[in-house]
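The following exercises concern a single protein model and are to be worked with its sequence and coordinates at hand. Each task is followed by a solution in steps.

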Amino acid sequence: MSRCVVTRRVHFNAAHRLANPRWREAENERVFGVCNSPNFHGHNYNLDVSVEGEIDPETGYVLDIARLKDIVSECLLRHLDHKNLNLDVPWFRDVNPTAENIAVVCWRVLAPAVAPARLAHIRLWETERNYVDYEGT
Ligand SMILES: [Zn+2]
């Protein structure tokens, strides 16, 4: 049987404020810049979710992409889209919502949800120019 990687891109909008609560205000401002804005600010995130598995000989799919879309919507987007990550999303109560940490949270939520396909890769775009990759390690 052949194995293949299938990717779905999803989009969400969310606000955040990056800060280390153990640091002084000036230090947070210096390190996190605009993302330390006291009144929060928003990003238009794109998330590429890639799953890997055997191609089912009956359907020709690794995982029906419509099902992948539903899984990502249900498990992730309804919790993140149009939310303040710091205030509205318990996953970030004690986690600084950087792109790196958001990617790790997305992985932890999605990996069990896509079984028996294997979550192979996620890429979180915070801006058109900046993205982070995570593969669960
Ligand atoms: Zn930001």
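**Exercise 1. A tryptophan and its surroundings**

In which helix is the place of Trp107? Determine also whether Trp107 is buried or exposed, and list its contacts.

*Conventions.* The model is predicted: local features require pLDDT of at least 70, side-chain atom pairs count only at pLDDT 80 or more, and totals for chains, interfaces and linings use all residues. Residues are numbered from 1 along each chain as its sequence is written, and side-chain values use heavy atoms, with hydrogens and water left out.

*Step 1.* Trp107 belongs to helix α4. Helices (H or I, at least four residues) and strands (E, at least two) are DSSP runs, numbered from the N terminus.

*Step 2.* Trp107 counts as buried because its relative accessibility is 12%. The classes are buried under 20% relative accessible area, exposed over 50%, and partly exposed in between (1.4 Å probe, protein chains only).

*Step 3.* Contact means heavy atoms within 4.5 Å. Leaving aside neighbours within four places in sequence, Trp107 touches Pro112, Leu119, Ala120, His121, Ile122, Tyr134, Glu135 and Gly136.

*Step 4.* For one of these partners, Ala120, the C-alpha to C-alpha distance from Trp107 is 9.6 Å, at a sequence separation of 13 residues.

**Exercise 2. The sheet**

Establish the strand order of the open sheet and describe its pairings.

*Step 1.* The order is β3-β1-β2-β4-β5, and the pairing of these five strands is mixed. Two strands pair if DSSP finds at least two bridges between them.

*Step 2.* β3 (83-84) and β5 have a single partner strand each, so one side of each lacks a neighbour in the sheet.

*Step 3.* β1 and β2 are antiparallel over 14 bridges; Arg3, for instance, has Glu54 in β2 as its bridge partner. β1 and β3 are parallel over two bridges, and Ala15 stands opposite Asn84 in β3.

*Step 4.* β4 and β5 are antiparallel over four bridges, and a hairpin of five residues joins them. Ile122 has Tyr134 in β5 as its bridge partner.

*Step 5.* On β5, Val132 and Tyr134 make up the covered face, whereas Tyr131 and Asp133 make up the uncovered one.

**Exercise 3. Helix packing and the nonpolar core**

Find the helices that lie across the sheet strands, and then identify which elements supply the largest nonpolar core.

*Step 1.* α2 lies across β1, β2 and β3, at about 25 degrees to β1. α4 lies across β1, β2, β4 and β5, at about 150 degrees to β4. Axes are lines fitted to C-alpha atoms, for helices over the stretch in contact, and angles run from 0 to 180 degrees between N-to-C directions.

*Step 2.* The largest nonpolar core contains 34 residues, and Phe12, Leu47, Ile122 and Leu124 have the most contacts inside it. Such a core is a set of buried Ala, Val, Leu, Ile, Met, Phe, Trp, Tyr and Cys residues joined through side-chain atoms within 4.5 Å.

*Step 3.* Two or more residues each come from β1 (3-16), β2 (41-54), α2 (65-80), α4 (99-113), β4 (118-125) and β5 (131-134). The largest share, eight residues, is that of α4.

*Step 4.* Beyond four places in sequence, the contacts of Leu47 include Phe12, Leu76, Cys106, Ile122 and Leu124.

**Exercise 4. The zinc site**

Which protein atoms are the donors of the zinc ion, and what is the geometry of the site?

*Step 1.* Donors are N, O and S atoms within 2.8 Å of the metal (3.2 Å for Na, K and Ca); water is not among the atoms, so sites may look incomplete. The protein donors here are His16 (NE2), Cys35 (SG), His41 (NE2) and His43 (NE2), at 2.0 to 2.2 Å.

*Step 2.* Along the chain, the donors follow the spacing H-x18-C-x5-H-x1-H.

*Step 3.* The angles among the four donor atoms are 102 to 125 degrees, and the site is tetrahedral. Four donors receive that label if all angles lie between 85 and 135 degrees.

*Step 4.* His41 is buried at 18% relative accessibility, and His43 is buried at 11%.

**Exercise 5. Backbone exceptions**

Locate the cis peptide bond and a residue other than glycine with positive phi.

*Step 1.* Most residues other than glycine have a negative phi, and most peptide bonds are trans.

*Step 2.* The bond between Ala115 and Pro116 is cis, with omega about 10 degrees. Pro116 is in the loop between α4 and β4.

*Step 3.* Phe40, in the loop between α1 and β2, has phi near 70 degrees. Phe40 is partly exposed, at 24% relative accessible area.

*Step 4.* His82, in the loop between α2 and β3, has a positive phi of about 60 degrees. His82 counts as exposed because its relative accessibility is 61%.

Conventions
Tetrahedral: all angles 85-135°; square planar, octahedral: opposite > 155°, others 65-115°.
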